[in-house]
Amino acid sequence: MLVTMKDILNLCEAKGCAVGSFNTPNLESIMAVIQAAEDLDVPVIIQHAQAHEEIMPLATIGPIMLELAKGAKVPVAVHIDHGETIEYIYKALSMGFTSVMYDGSNLPFEENVANTKLVVSLAKKTGATVEAEIGCMGKRETGSGSAGSGKDPDKIYTNPEQAKQFVELTEIDALACSFGTTHGVYISEPKLDFSVVENVRKRTNIPVVMHGGSGVSREDFRTAIQKGVRKVNYYTYMAIAGGETIANQFHMGCIPVEKNGKQYKYCYSMVEKGKDSPIMYHDIVQWGTEAMKENCKNAMKIFAMK
């Protein structure tokens, strides 16, 4: 069933847990996430990041996300993640998205406020929920940059007092905070400053959103949720689980070849281990979907504090 993010956040607040918000840039990932949520009987958010536009255009994937959300057995919000332009967010709202995030975290404070207020005004016309961000994790949703080393010079932790002012000026529904997480793969264990979450929550009294959720330990997730995180963005490790599962179904073969008097190794992918029949594309899709689904279920259990 299609709902707003605010509806789900209210449920999470009442239960003292968090909702998983999963990037779904293709049909298989949408199916994996919704099926996982249905198996566990928990609400979920499926989202499309503007940075993933090259992977899958919003115009193509958006209607599919909405249609599958409407048919789901659990509450599903359809969300724009890291909307970088107001035009892109407006397109999603016009399409029927029930939640949007405007990311002006790299802009001067006053410009971030002005743009976010405009997004809030647009969202009110459709009843959609608005998330925005103060602070910067130093990396894009694609995971490009210096992943999780703790030495990212662009990372700016959220200032709780500035967050309070931002929320009062914009009237947003949820605030993404930078408190030590990073988009993409963690090279080393992240060092999270939970006092940022706690102080932001005390000053703003709105749900805190955790970006860069992949790779965080179970214990750190639970602490973050106890401090006030109500939404956790998750994608990288889910996507890796699908990719690695598919890769493990194959093994590589290499043969020596000679070209223009030089020796080369020609490497090729062989058939699935232990399988004599041809591999169909739908086999590969199913392997990846099932792996992503199981990875999502494990994450959802943690977010639901189960």
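How many of the 306 residues of the chain count as buried? The figure is 52%, and since this is a predicted model, take that as a statement about the prediction. The chain has ten helices and ten strands. As for how it folds back on itself, look at contacts with a separation of 6 or more: residues 24 or more positions apart account for 70% of them.

Let's start in the interior. In soluble globular proteins, nonpolar side chains tend to be buried together. Here, the largest nonpolar core has 70 residues. If you want to find its best-connected members, go to F22, I172, L175, F179, M210, M300 and F303, which have the most contacts inside this core. Helix α2, residues 27–40, gives the largest share of the core, with seven residues.

F22 is a handy place to stand and look around. Setting aside neighbours within four places in sequence, F22 is in contact with V33, then with the run V44, I45, I46 and Q47. From further along the chain, Y234, M238, C296, M300 and F303 also contact F22. Two of these partners, M300 and F303, are themselves on the list of residues with the most contacts inside the largest core. There is also a second, separate core of 13 residues, and V3, I8, A77 and A176 are among them.

Now for the helix pairs. Take α9 (residues 236–248) and α10 (residues 281–303): their axes come within 8 Å and cross at roughly 140 degrees. Angles over 145 degrees would count as roughly antiparallel, so α9 and α10 are oblique to each other. Their crossing is right-handed. On the α9 side, the residues that meet α10 are Y237, M238, A241, G242, T245 and I246. Facing them from α10 are I284, W287, G288, A291, M292, N295 and C296. Sorted by class, this contact has nine nonpolar and four polar residues, and no charged ones. M238 and C296, which take part here, are also contacts of F22.

What about α7 and α8? The axes of α7 (residues 194–204) and α8 (residues 218–227) come within 8 Å and cross at roughly 20 degrees, and that makes α7 roughly parallel to α8. This crossing is right-handed too. The contact is made by F194, V197, E198 and R201 of α7, together with D220, T223, A224 and K227 of α8. These residues divide into three nonpolar, one polar and four charged.

R201 leads us on to R230, because R230 touches it. R230 lies in strand β8, residues 229–234. Is this arginine buried or exposed? At 7% relative accessibility, R230 counts as buried. Not counting residues up to four places away in sequence, R230 touches L9, C12 and E13, the stretch G16, C17, A18 and V19, and also R201, P207, V208 and I225. R230 and F303 are 73 residues apart in sequence, yet their C-alpha atoms are 8.6 Å apart in space.

One last stop is S99, which lies in strand β4, residues 99–102. S99 counts as buried, with 0% relative accessibility. Which residues does S99 touch, not counting those up to four places away in sequence? They are M5, the run V78, H79 and I80, and the pair A128 and T129.

Note on methods
Residues are numbered from 1 along each chain as its sequence is written. This is a predicted model: local features need pLDDT of at least 70, side-chain atom pairs count only at pLDDT 80 or more; totals for chains, interfaces and linings use all residues. Side-chain values use heavy atoms; hydrogens and water are left out. Axes are lines fitted to C-alpha atoms, for helices over the stretch in contact, and angles run from 0 to 180 degrees between N-to-C directions. Helices (H or I, at least four residues) and strands (E, at least two) are DSSP runs, numbered from the N terminus. Angles under 35 degrees count as roughly parallel, over 145 as roughly antiparallel, 65 to 115 as roughly perpendicular and the rest as oblique. A crossing is left-handed if the near helix is turned anticlockwise from the far one by less than a right angle, and right-handed if clockwise. Contact means heavy atoms within 4.5 Å. Ala, Val, Leu, Ile, Met, Phe, Trp, Tyr, Cys and Pro count as nonpolar, Asp, Glu, Lys and Arg as charged, and the others, Gly among them, as polar. A nonpolar core is a set of buried Ala, Val, Leu, Ile, Met, Phe, Trp, Tyr and Cys residues joined through side-chain atoms within 4.5 Å. Buried means under 20% relative accessible area, exposed over 50%, partly exposed in between (1.4 Å probe, protein chains only).
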